[in-house]
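This report takes up two topics, a helix and a sheet with the helices packed against it. Please keep the structure in view while reading.

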Amino acid sequence: KIRTIRVCIAPMGDPESRVVLLAGASGFVGSYVLDNALDAPDIGRVYAVSRRPLGREHPRLANRIVLFDRIEEQLKGLTCHVAFCCLGTTLRQAGSQEAFRQVDIDVVLAFARAAKAAQAQRFVVVSSAGANPQSSNFYLRVKGEMEQALTEVGFASLDILQPSFLLGMRREMQPRDLLLSGVMPLVNPFLFGAREQYRAIHVKTVAAAMIGAMRSGR
């Protein structure tokens, strides 16, 4: 018998020297992505960009403090293999639809352009289940527009993750979050077919999937 083994080779050299650029490392998903990236044996360096210091030390971590409206200028000269985008806010945090769009579209695209300029071959971003640029729901419409705009940046590989409600302990747990955290695991088995995409998923699973996308070789 002949056994065929498919081998994926990273497009930019030895995976041990893989350099990651991460935005949103202080957030709910991003903090787990950062933990996973720093624990990954095939990642040699993590550049985490943030507005404020992350307050942690690691020999493979470089925390770049930036102004997101100047991120393209401030990351000039940096090179990386892959970029992870965990940027995002809520309407409550943003305070207005205009401010929400600025974060979830404008800032995300500015980071994407900075990553492309840094020679990132793969861009991995967290969006939302149900994202659709034609949606009547403002949140889902913005996420859909963001996805659509990212396809035009020109990455060799673009991975868009569309999780539904995220399970896990947030820094700020709103009453709605507490309610859904208790209810959604009970509802999940009843969501199947077209509704399966709306099953709640643990934030750790999403973070692991982002790292997995980096290793996929697609």
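Which residue with a positive phi follows α4? In this predicted model, the residue is Q119, and its phi is near 75 degrees.

## Helix α4

Helix α4 covers residues 97-117, and because each of its 21 residues should contribute 1.5 Å, counted over one less than that number, a span of 30 Å is expected, with which the 29 Å between its end C-alpha atoms agrees. The helix nevertheless carries a bend of about 30 degrees, located at V103.

The buried positions of α4 include F100, which precedes the bend in sequence, and then D104, I105, V107, V108, L109, A110, F111, A112, A114 and A115.

## The sheet

Six strands make up an open sheet, whose order is β3-β2-β1-β4-β5-β6 and whose pairing is parallel. At its edges are β3 (61-65) and β6 (157-161), each of which pairs on one side only, and from one strand to the next the twist averages 15 degrees.

Within this arrangement, β1 (residues 18-23) and β2 (residues 43-50) are joined in the parallel sense over six bridges, and L22 has A48 in β2 as its bridge partner.

## Helices across the sheet

Helix α5, residues 138-150, lies across β5 (122-126) and β6, and its direction is at about 180 degrees to that of β5. Helix α7, residues 203-215, lies across β1, β2, β4 (82-85), β5 and β6, and runs at about 165 degrees to β5.

Technical notes:
Residues are numbered from 1 along each chain as its sequence is written. This is a predicted model: local features need pLDDT of at least 70, side-chain atom pairs count only at pLDDT 80 or more; totals for chains, interfaces and linings use all residues. Side-chain values use heavy atoms; hydrogens and water are left out. Helices (H or I, at least four residues) and strands (E, at least two) are DSSP runs, numbered from the N terminus. The bend at a residue is the angle between axes fitted to the seven residues ending there and the seven starting there. Buried means under 20% relative accessible area, exposed over 50%, partly exposed in between (1.4 Å probe, protein chains only). Two strands pair if DSSP finds at least two bridges between them. Axes are lines fitted to C-alpha atoms, for helices over the stretch in contact, and angles run from 0 to 180 degrees between N-to-C directions. Contact means heavy atoms within 4.5 Å.
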